[in-house]
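Please open the structure in your viewer and keep the selection tool at hand, since each stop on this tour begins with something to select and continues with what is found there.

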Amino acid sequence: MHTLSMAELEQQRILKTAIPGPRSLELMARKTGAVARGVGTTMPVFAVEAGGGVVVDVDGNSLIDFGSGIAVTTIGNSAPRVVAAVQDQVELFTHTCFMITPYEGYVAVCEKLNELTPGDHEKRSALFNSGAEAVENSVKIARYYTKKQAVVAFDHAYHGRTNLAMALTAKSMPYKHGFGPFAPEVYRAPLSYPYRDDKLMDGELAARRATDLIDKHVGPANLAAVIIEPIQGEGGFIVPADGFLAALAGWCRSNDVVFIADEIQTGFARTGAMFASELFDVVPDLIVTAKGIAGGLPLAAVTGRTDIMDAAHVGGLGGTYGGNPVACAASLAAIETIKAENLVARASEIERIMLHRLHRMQSEDNRIGDVRGRGAMIAVELVQRDTSDPDPAFTNAVAAAARENGVIVLTCGTYGNVLRFLPPLSMSDELLNDGLDVMADAFAAT
Ligand SMILES: Cc1ncc(COP(=O)(O)O)c(C=O)c1O
């Protein structure tokens, strides 16, 4: 067995060249000549090493990671337990296909998911490769169980880029534009969006607005599932009003509709709870996970009530690589790391630090319309001065200024006007504060 060795990467923002540097520029030219144009990059710097809270590029620049590879390396990049577990597993075997000759790691990950996800009812899990694939399977399972077809997703939703997942996703550009036709029997309902809703629209009213529309346009007799991100990710880190998710889940229960929580971005300690559903006192029928599940290796899962999960016939679910043994070993190590390093509490600490700093920036700059989020999933929504009109140009300019100064920061939101912060939970307070200083300077200079 490998012993744990601590990452020795210097935990500091270090700029040795302009961003991007000359080696990154050379590689970008090669990318343009070799990689399909549709695969974009947020920041044109090429990584060589990462860990703690930094990503080091080919020019020797050390960048503060406020992205975690889109909420994946929650426990830190190349976390020691994950590295050791992967190395051990790779030496034993890399693949047999769980559907041909199974192995213990897959079963152990399912046991962990059944234990850790909300609700103490009996559960089963199935493993897949990507978030989108798991989303598709959650809908397959719900349809099989209910013998119904329609699915409701929400305004601002993002569920992935495969065909059914694209249909569930709300935003056209860049995710859906030109890629139709999309899967049928997908309907859209209004979300609770406290910053943009009428101030009198509390969570229960917003849920009623959605379920009234579902009643009229779809009808529960046709509806297999409602799928929702407890806190929306790509849609703008939208935290619904209190009571919204619980009322929605209650309506599903009363109408024989499977309530699916897409916790692909919010899961595994990211929001200051193991799963964000816990923050809203909701126990989903099915919960879809990926991203933070395996410390950077590709793995995804659907977990839920045994009667629903076991409905489909033998052979109806699966895939060649789903629950790959190396990814399963990484997942068990990642879950152990969350526990051993008390990372759920660390996410709450990061929330406190970030909200304090960002609220202060908001009090000095009324282009910061809203500060929101939970745990290490925090965002600011940027607007034209003295209005709530979205300002995507300002958002892109602030992001560009921060990136030039060595901070990897992502944008999101239906209107492209949200800066989102997803630091790994392994980031030090010093690095976090340095990254926030860079953000404050970027606001001041833009
Ligand atoms: C909430 C949510 N669902 C689904 C997906 C799709 O996951 P993947 O990119 O692994 O297919 C994402 C990815 O960003 C996501 O944030």
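Which helix and which strand each supply at least two residues of the lining of the second largest pocket? Before selecting anything, bear in mind that this is a predicted model.

**The second largest pocket**

Select α4, which covers residues 104-116, together with β4, which covers 123-128, for each of these supplies at least two residues of the lining of the second largest pocket. Of the two, look at β4 with particular attention, because it is β4 that gives the most to this lining, with five residues. The space in this pocket comes to about 510 Å³, and among the 22 residues that line the pocket, those closest to its centre are Y106, S125, A126, D310 and L317. If you colour the lining by class, you should find 12 nonpolar residues, eight polar ones and two that are charged.

**The ligand**

Next, select the ligand and the residues around it, which are S130, G131, A132, Y158, H159, G160, E229, E234, D262, I264, Q265 and K291. This shell divides by class into three nonpolar, five polar and four charged residues. Three contacts can be picked out one after another. Begin with G131, where a backbone N or O atom lies 2.8 Å from an oxygen atom of the ligand, and go on to Y158, where a backbone N or O atom lies 3.4 Å from a nitrogen atom of the ligand. Then turn to D262, which places a polar side-chain atom 2.7 Å from a nitrogen atom of the ligand. On its own the ligand has 390 Å² of accessible area, and the protein covers 83% of it.

**The largest cavity**

Keep Y158 selected, since this residue also belongs to the lining of the largest cavity, and add H156, A157, T169, A170, K171, Y175, E234, G235 and T414 to complete that lining. E234, too, is a residue you have already met around the ligand. How much space lies in the largest cavity? The value is about 50 Å³, and the count of cavities of 30 Å³ or more comes to one. Its lining is made up of four nonpolar, four polar and two charged residues.

**An open sheet of four strands**

Now select β1, β2, β3 and β13, which form an open sheet in the order β1-β2-β3-β13, with mixed pairing. The edge strands are β1, at residues 47-51, and β13, at 407-408, each of which pairs on one side only. Strand β3, at residues 62-65, pairs with β13 in the parallel sense over two bridges, and by selecting D65 you can follow one bridge to its partner in β13, I408.

**Backbone details**

Most residues other than glycine have a negative phi, and most peptide bonds are trans. With that background, three places in the backbone merit a stop.

- Select I19 and P20, which are joined by a cis peptide bond with omega of about 0°; P20 lies in the segment before α1, the helix at 22-34.
- Select G180 and P181, where another cis peptide bond is found, with omega of about 5°; P181 is in the loop between α6, at 163-168, and β6, at 186-189.
- Select C97, a residue other than glycine whose phi has a positive value, near 80°; C97 sits in the loop that runs between α3, at 80-92, and α4, and α4 brings you back to the lining of the second largest pocket, where the tour began.

Note on methods: Residues are numbered from 1 along each chain as its sequence is written. This is a predicted model: local features need pLDDT of at least 70, side-chain atom pairs count only at pLDDT 80 or more; totals for chains, interfaces and linings use all residues. Side-chain values use heavy atoms; hydrogens and water are left out. Two strands pair if DSSP finds at least two bridges between them. On a 1 Å grid over the protein atoms alone, a cavity is a set of points where a 1.4 Å probe fits but cannot get out, and a pocket is an open set with protein on both sides within 12 Å along at least five of seven lines; lining residues have an atom within 4 Å of a point. Grid points are joined across faces, edges and corners, and a volume is the space filled by probe spheres set on the points. Ala, Val, Leu, Ile, Met, Phe, Trp, Tyr, Cys and Pro count as nonpolar, Asp, Glu, Lys and Arg as charged, and the others, Gly among them, as polar. A residue is near a molecule or strand if one of its heavy atoms lies within 4 Å of it. A polar contact is a pair of N or O atoms within 3.5 Å; within protein, one must be able to donate a hydrogen and the other to accept it, and residues adjacent in sequence count only if both atoms are side-chain atoms. Accessible areas come from the Shrake-Rupley method with a 1.4 Å probe; for residues, only the protein chains shown count as cover.
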